[in-house]
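Trainee: I should like a close look at one part of this model, the site where the ligand is held. Please describe its surroundings in detail.

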Amino acid sequence: MPEVLVLHGPNLNLLGTRRPEIYGRMTLAEIDQRLQARAAELGLTLRIKQSNHEGELIDALHEAMGWAAAVLINPGGLTHTSVALRDAVEATGLPAVEVHLSNIYAREPFRQVSLISPVCVGHVVGFGWRSYVLGLEAVAGLLREP
Ligand code: CA2
């Protein structure tokens with residue numbers, strides 16, 4: 001079965017505890033459960049990692065070059081700031097799909113720019129936890145038919 005790296009960036013470990021009006025009430029563990037269930041239906045295996053540290057996310061991407069077929073990533077706040085994370089996504093050469101819980105285009109101007117999007121195949125924003133599931137379905141489609 002194709003293996004997919006799922007990366008959650010900084011502060012996503014706080015989901016379900018703060019700002020439910022923006023990010024919903026589901027915890028990250030619950031989102032991961034939904035992803036695992038859908039991955040099983042789609043015939044994918046997931047390796048999931050959350051980190052609050054940019055370098056750890058970059059290391060995970062480098063390691064994924066050895067085993068992953070694709071990447072599903074919510075870079076959190078690093079979306080808008082991190083050239084290094086963008087370079088790492090690009091360096092993998094893997095098809096990547098970016099997801100966001102919130103609609104970043106309906107928020108503050110600084111959130112309306114993603115440095116990561118140009119090195120991804122596409123992105124899904126604004127559907128809360130469903131953005132992740134929709135993103136995973138896009139990954140499955142890409143792997144079936146690049
Ligand atoms: O909408 C998204 O998925 C974001 O990637 C979430 C990030 C934010 O910086 C991006 O602009 C959009 C924030 C991650 C979660 O941060 C929390 C902050 C307070 C309480 C709970 C989560």
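Mentor: By class, the shell around the ligand has 6 nonpolar, 7 polar and 3 charged residues. Here Ala, Val, Leu, Ile, Met, Phe, Trp, Tyr, Cys and Pro count as nonpolar, Asp, Glu, Lys and Arg as charged, and the others, Gly among them, as polar. This is a predicted model, in which local features need pLDDT of at least 70 and side-chain atom pairs count only at pLDDT 80 or more, while totals for chains, interfaces and linings use all residues. Residues are numbered from 1 along each chain as its sequence is written, and side-chain values use heavy atoms, with hydrogens and water left out.

Of the 16 residues around the ligand (a heavy atom within 4 Å of it), Asn 74, His 80, Leu 101, Ser 102 and Arg 111 come nearest. Three polar contacts, pairs of N or O atoms within 3.5 Å, may be described. A polar side-chain atom of Ser 102 lies 2.5 Å from a ligand oxygen atom, and one of His 100 lies 2.9 Å from an oxygen atom of the ligand. Gly 77 contributes a backbone N or O atom, 3.3 Å from a ligand oxygen. The protein covers 90% of the 510 Å² of accessible area that the ligand has on its own, by the Shrake-Rupley method with a 1.4 Å probe.

The ligand sits in the largest pocket, meaning that more than half of its atoms lie within 2 Å of the pocket's grid points. A pocket is an open set of points on a 1 Å grid over the protein atoms alone, where a 1.4 Å probe fits, with protein on both sides within 12 Å along at least five of seven lines; lining residues have an atom within 4 Å of a point. The volume of this pocket, the space filled by probe spheres set on the points, is about 350 Å³. Its lining comprises 18 residues, with Pro 10, Leu 12, Tyr 23, Gly 76 and Arg 111 nearest the centre.

Conventions
A polar contact is a pair of N or O atoms within 3.5 Å; within protein, one must be able to donate a hydrogen and the other to accept it, and residues adjacent in sequence count only if both atoms are side-chain atoms.
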